[in-house]
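Please read the following report alongside the sequence and the coordinates, which are displayed just below.

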Amino acid sequence: MHQRSQSLPKSLLAAIRKSPSRYTNPDVGQNCTTIASYNIHKCVGTDRRFDPKRIVDVVCELDADLVALQEADERFGNRQGLLDLQALKERANLVPVDLKSNLRSHGWHGNVILARDGTVRDVNCMTLPGLEPRGALI
């Protein structure tokens, strides 16, 4: 799997992103899918500010074909989703995979998969044991 290093200089990252062959894996000679995982901590950064727009900016910067997000919904109450899904669709061409869960949440127990249209065919939701509701997506 092709992985990007966080230690690359910004100029090199910019060159990689602009390259038309960015998704070509020279080891296998075919196009690749870029996958990212990100715990967004309910849109609260290390500066303790709640900023959903900043999260959208970071997800767009990832430029991944498939993004798995954790803690994307409020923890209590109606578990309202916290992201601007329309902005993600317009700016990154990413839409949430339909999980047929709570109409107000983005995902399953705070987990959401964002994908470019046609990337994901099937997702299974698992309930995990524990003191509070937890889930996983396969």
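The sections below describe the nonpolar cores, a pocket and the cysteines of this predicted model.

## Nonpolar cores

The largest nonpolar core comprises 19 residues, and those with the most contacts inside it are Ile-40, Val-59, Val-67, Leu-69, Leu-83 and Leu-114. At least two residues of this core come from each of α2 (52-62), β4 (66-70), α3 (85-92) and β6 (112-115), with α2 giving the most, namely 4 residues. In soluble globular proteins, nonpolar side chains tend to be buried together.

Val-59 illustrates how this core is connected: when its neighbours within four places in sequence are left aside, Val-59 is in contact with Tyr-38, Val-67, Leu-69, Leu-88, Leu-94 and Leu-114. Apart from the largest core lies another core, of 6 residues, whose members include Val-97, Leu-99, Ala-115 and Val-123.

## The second largest pocket

The second largest pocket has a volume of about 280 Å³, and 14 residues line it, of which Lys-42, Glu-71, His-109, Glu-132 and Arg-134 lie nearest its centre. By residue class, the lining of this pocket divides into 8 charged, 5 polar and 1 nonpolar.

## Cysteines

The structure holds 0 disulfides. Cys-43 has a relative accessible area of 1% and is therefore buried, since the cut-off for that class is under 20%. Cys-60, at 16% relative accessibility, also counts as buried because its value falls under the same 20% limit.

Notes. Residues numbered from 1 in each chain as written. Predicted model: local features only at pLDDT ≥ 70, side-chain atom pairs only at ≥ 80, totals over all residues. Heavy atoms only, no water. Core = buried A, V, L, I, M, F, W, Y, C linked by side-chain atoms within 4.5 Å. Buried < 20%, exposed > 50% of the residue type's maximum accessible area, 1.4 Å probe, protein only. Contact = heavy atoms within 4.5 Å. 1 Å grid on protein atoms, 1.4 Å probe; cavity = no way out; pocket = protein on both sides within 12 Å on 5 of 7 lines; lining within 4 Å. Points joined across faces, edges and corners; volume = space filled by probe spheres on them. Nonpolar A, V, L, I, M, F, W, Y, C, P; charged D, E, K, R; others polar. Disulfide = S-S within 2.5 Å.
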